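Please report on the empty spaces in this model. Cover what lines them, then turn to one helix and one strand residue.

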Amino acid sequence: ELAAHPAVRRAYPMLAQAVLAGASGQLRNMATVGGNLLQRTRCAYFTDVTKPCNKREGGRDPNRCPARDGHHRNHAILGHSDACVATHPSDMAVALAALDAVVKVQDGAGKERSINFADFHRLPGDAPEKDTNLNHGEFIASIELPKNNFANRSYYLKVRDRASYAFALVSVAAALEVSGSKIKQARIAMGGVAHKPWRALEAEKFLAGKEATEANFKAAAEAEMKTAKPLEHNKFKVELGRRAIVRALETAISGTRA
């Protein structure tokens with residue numbers, strides 16, 4: 001219903017694209033918006049209870065993250081810590097991050113508060129077992145999307161191992177507001193690269209006031225990915241991330257719609 005809603009497709013087409021990229025119709029028919037945001041990682045060591053895991057057990061023991069020296073092709077290259085290198089699996093959340101969404105939460109007593117989407121999910125740090133900044137007893141009541149001027153120049157790109165439904169190796173939600181040939185503002189978020197939807201603030205900062213050219217898109221991508229710290233088997237994600245940012249921006253500026 002969210003992906004097909006006329007208001008979403010008109011004002012936030014990138015969100016509709018991300019939802020449709022996230023799962024088959026059968027899965028989406030059973031899914032909820034709040035449940036999508038609260039997905040936990042698909043790290044094989046997290047789901048295998050015979051393996052040690054800081055995210056499952058709590059704490060920051062680097063010896064309790066077998067993914068660091070094990071199978072980590074799909075794992076994080078940005079924002080990870082010694083405690084955890086897992087990634088957040090959502091597609092929808094990446095688009096919501098780029099759209100500056102606000103999560104409205106409510107506790108058992110009916111008290112409400114608002115959490116900016118950038119602050120909703122957490123990086124692993126010293127407490128990888130905590131996925132979000134929800135307090136005990138709080139639930140997601142609604143999500144607000146602010147008005148913007150990105151609808152005609154936005155795009156969600158998902159790069160995956162197969163064309164059928166799979167988790168992203170790298171994904172990019174890109175949106176541009178332009179005046180003439182100049183970029184007034186850019187919004188870029190990435191999936192498949194961090195413990196939470198990764199807001200590409202360095203790339204956004206670089207693009208503000210610049211011409212919407214391939215050269216500037218490449219420079220913005222380079223600025224964002226220079227802080228990446230890949231592991232042995234996911235170094236390819238750094239170059240993939242650069243290229244995905246450029247492609248998403250080029251597609252967004254062309255006016256592609258969902």
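The lining of the largest cavity divides into 12 nonpolar, 2 polar and 1 charged residues. Here Ala, Val, Leu, Ile, Met, Phe, Trp, Tyr, Cys and Pro count as nonpolar, Asp, Glu, Lys and Arg as charged, and the others, Gly among them, as polar. This largest cavity has a volume of about 70 Å³. It is lined by 15 residues, of which C43, C53, K55, C65 and C84 lie nearest its centre. Helices α5 (44–47) and α6 (54–57) each supply at least two residues of that lining.

This is a predicted model: local features need pLDDT of at least 70, side-chain atom pairs count only at pLDDT 80 or more, and totals for chains, interfaces and linings use all residues. Residues are numbered from 1 along each chain as its sequence is written, and side-chain values use heavy atoms, with hydrogens and water left out.

The spaces are found on a 1 Å grid over the protein atoms alone. A cavity is a set of points where a 1.4 Å probe fits but cannot get out. A pocket is an open set with protein on both sides within 12 Å along at least five of seven lines. Lining residues have an atom within 4 Å of a point. Grid points are joined across faces, edges and corners, and a volume is the space filled by probe spheres set on the points.

The structure holds 3 cavities of 30 Å³ or more. The second largest cavity contains about 40 Å³ of space. Its lining is made up of Q39, R40, T41, K55, T87, H88, D131 and H195. By class, that gives no nonpolar, 5 polar and 3 charged residues. K55 appears here and also among the residues nearest the centre of the largest cavity.

Now the pockets.

| Pocket | Volume | Nearest its centre |
|---|---|---|
| Largest pocket | about 620 Å³ | A23, L27, R28, A31 and N36 |
| Second largest pocket | about 340 Å³ | R42, N74, T87, F167 and A168 |

The largest pocket has 25 lining residues. They comprise 13 nonpolar, 7 polar and 5 charged residues. Three helices, α2 (13–22), α3 (25–30) and α4 (33–37), each supply at least two of them. Helices (H or I, at least four residues) and strands (E, at least two) are DSSP runs, numbered from the N terminus.

The second largest pocket is lined by 23 residues. Its classes are 8 nonpolar, 10 polar and 5 charged. T87 lies near the centre of this pocket, among the five nearest, and T87 also lines the second largest cavity.

How many of the residues of α2 are buried? The count is 8 of 10, so α2 is largely enclosed by the rest of the structure. Buried means under 20% relative accessible area, exposed over 50%, partly exposed in between (1.4 Å probe, protein chains only). The buried residues are P13, M14, L15, A16, Q17, A18, V19 and A21. Their cover includes α1 (6–11), α3, α7 (92–98), β4 (154–159) and β5 (170–179).

Last, Q185. This residue lies in strand β6 (residues 182–191). Q185 is partly exposed, at 27% relative accessible area. Not counting residues up to four places away in sequence, Q185 touches F150, A175, L176 and E177; contact means heavy atoms within 4.5 Å. The Q185 side chain makes polar contacts with the side chains of E177 (2.5 Å) and R187 (2.9 Å). A polar contact is a pair of N or O atoms within 3.5 Å; within protein, one must be able to donate a hydrogen and the other to accept it, and residues adjacent in sequence count only if both atoms are side-chain atoms.
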